[in-house]
Amino acid sequence: MSILTGKHLSRRTALKGLGATIALPLLDSMLPANGLLAQSAAAKAANRTRLVCIEQVHGAAGCSPFGKEHFLWSPEKTGAAFDLSGSSLAPLEPFRKYLTIVSNTDTKMAEAMAPAEVGGDHFRSSAVMYTHVHPKLTEGSDVHVGTSLDQLFVQRYGQDTPIPSMQMTIEPVDQSGGCAYGYACVYTDTISWAAPDQPLPMVRDPRMVFEMMFGAGGTNEQRAARRATDKSILDMLTEEMKSLRRSIGPADAQRLDQYASNIREVEQRIQKIEARNMSGETRELPGAPAGVPDSWDEHVKLMFDLQLLAFASDTTRVFSFKLGRDGSGRVYPGSGVDAGFHNASHFGAAEKTIRDFAAINKFHVSMLPYFMEKLKTTMEGESSLLDKTLIFYGSPMANSNVHNHRNCPLLILGGGNGAHTGGLHVKAADDTPMANVMLTMMHKLGMTDVKTFGDSTGEFSFTS
């Protein structure tokens, strides 16, 4: 650890050992006592908005004619008096004051625009979700779509963190070349684009994410030796931790201990998953890395906990998170439905099959309160991380049964440092691009010089 001088710690103070580097949460010791400096530090802290962009693939049952009639996704009432009971959004009731439901917006850029593109909706959708640009039809490396929302935010606010952004996924994304209908696989493998021709790879393995965040320092051999033991990464930093504790006050020491406990708990979960998956027992996901849980919800929650640690330590302020693949046959036992995802998404006209897919949608949405509660109970200065985080959750597909892209699901959650006020359902006018909502939110986040985004046609009014 670096020698500490002066009366306060740098926000970028980190504990460093052989094969381990741990950034720290915001401590009182990092806020200078001098009035002007304190005001400056407070201003910087207030600007640390976190952003999470999540894709729920392949639409929602509530976007079908039956689903709209029975309010399986969007509530009947607009404004603040919306009722979530009986819908796929019911798990979000405890967080309704942090929730804005935006209904009836479109992702037209995911539609076929030439005869050769007909049938390729699965292979365009993910690329459009946070770019709202029509992907170039190609199976080669000359891919082209648009810079995604998360990366526009990174360009503005993410350059002073150790990792500008992180991209996560639950399903495998290790394909290459062409997939189908003339489209390169990368279009469906990622939702993050640093530039129109620069797709960013998404990480599936929680161990890899953990190592990206905490495994820096030392040689490859030292890091490998550490992972080969049952020791915690914190065991490599025992003396550094003791030295830091001697230089901070009791409140900071308590905060540091809780942070270290959270790191250890996540690390132990990863170790247990790896041990189970390397035990020789039959796996549900036989081709997955050892660090990937067979359980979908266990995997999602672990990824959310890693995001929480990254936000708490300001290791990064931006995540994109892809929850699945359109064509996945995965079964979600926690949903109570035994049909595979893609088969369930083509539900036809029968009420039972439509409600089955709505139950899968509900199960996916139920992961959000887990993350939001963790953010809510993690304080940074005077505010919680939930108050400082903006979350987009949506799909570029609407009615998955017919592969359309009109009336797509979209949620905005969190406080976004004042950029977002929830407790609202807003129904857009017909033919409103989803890009209008994202452009308006970028403006609320301070990116007022961004005049257009994808196929946006103007600002979006959140007046119900």
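A salt bridge is a side-chain nitrogen of Lys or Arg within 4 Å of a carboxyl oxygen of Asp or Glu. By that rule, 32 salt bridges turn up in this structure, which is a predicted model. The mean pLDDT of the protein chain is 92, and 91% of its residues reach 70 or more. One stretch to treat with care is residues 1-6, where the pLDDT is below 50. Where pLDDT is low, the predicted coordinates should not be read in detail. Let's walk through the structure topic by topic.

**Salt bridges**

- Side chains of opposite charge can pair when their charged atoms come close.
- Asp189 and Arg325 give one such pair, with 2.8 Å from N to O. Asp189 belongs to helix H5 (residues 186-189), while Arg325 sits in the loop between S10 and helix H11 (341-345). This salt bridge therefore links distant parts of the chain, as the two residues are 136 residues apart. Both Asp189 and Arg325 are buried.
- Arg207 and Glu211 also meet through their side chains, at 3.2 Å from N to O. Because they are four residues apart in helix H6 (residues 206-214), about one helical turn separates them. Arg207 and Glu211 are both buried.
- Lys352 and Asp356 form a salt bridge in which the closest N and O atoms are 2.8 Å apart. Both lie in helix H12 (residues 351-365), four residues apart, or about one turn of the helix.
- Is Lys352 buried or exposed? Lys352 has a relative accessible area of 59%, so it counts as exposed. Its partner Asp356 has 21% relative accessibility, which means that Asp356 is partly exposed.
- Salt bridges can also join up into a network, and here one links Arg11, Arg12, Arg48, Arg50, Asp160, Asp314, Arg317, Glu380 and Lys388.

**The open sheet**

- Seven strands make up an open sheet with mixed pairing, in the order S5-S10-S3-S13-S14-S4-S15.
- Which strands lie at the edges? They are S5 and strand S15 (424-433), each of which pairs on one side only.
- From one strand to the next, the twist averages 15 degrees.
- S5 runs parallel to strand S10 (residues 318-322), and four bridges join the two. If you look at Met166, you will find that its bridge partner in S10 is Phe319.
- Strand S4 (residues 99-106) pairs with strand S14 (residues 410-413) in the antiparallel sense, over three bridges. Here Leu99 has Leu413 of S14 as its bridge partner.
- Although S5 is an edge strand, both of its faces are covered. Met166 and Met168 are buried on one side, and Gln167 and Thr169 are buried on the other.

**Nonpolar cores**

- In soluble globular proteins, nonpolar side chains tend to be buried together.
- The largest nonpolar core here has 120 residues, and Leu92, Leu368, Phe392 and Leu411 have the most contacts inside it. Helix H10 (residues 296-312) provides the largest share of this core, with eleven residues.
- A second, separate core has eight residues, among them Tyr183, Ala184, Tyr187 and Trp193.
- What does Leu368 touch, leaving out residues up to four places away in sequence? Its contacts are Ile54, Leu92, Phe304, Tyr393, Leu411 and Leu413.

**Buried helices**

- Helix H3 (residues 121-129) is largely enclosed by the rest of the structure, because nine of its nine residues are buried. Polar and charged names appear in that list too, including Asp121, His122 and Arg124.
- In helix H4 (residues 149-157), the buried residues are Leu149, Asp150, Gln151, Leu152, Phe153 and Val154. They pack against strand S3 (50-55), S5, strand S8 (193-195), S10, strand S13 (389-394) and helix H14 (434-444).

**A closer look at Phe311**

- You will find Phe311 in helix H10. With a relative accessible area of 0%, Phe311 is buried.
- Phe311 and Arg48 are 263 residues apart along the chain, yet 9.5 Å separates their C-alpha atoms.
- Beyond residues up to four places away in sequence, Phe311 touches a list of residues that includes Arg50, Leu51, Val52, Arg317, Phe319, Phe371 and Glu380.

Methods. Residues numbered from 1 in each chain as written. Predicted model: local features only at pLDDT ≥ 70, side-chain atom pairs only at ≥ 80, totals over all residues. Heavy atoms only, no water. Core = buried A, V, L, I, M, F, W, Y, C linked by side-chain atoms within 4.5 Å. Buried < 20%, exposed > 50% of the residue type's maximum accessible area, 1.4 Å probe, protein only. Contact = heavy atoms within 4.5 Å. Pairing = 2+ DSSP bridges. pLDDT = per-residue confidence, 0-100. Axes fitted to C-alpha atoms, helices over the stretch in contact; angles between N-to-C directions.
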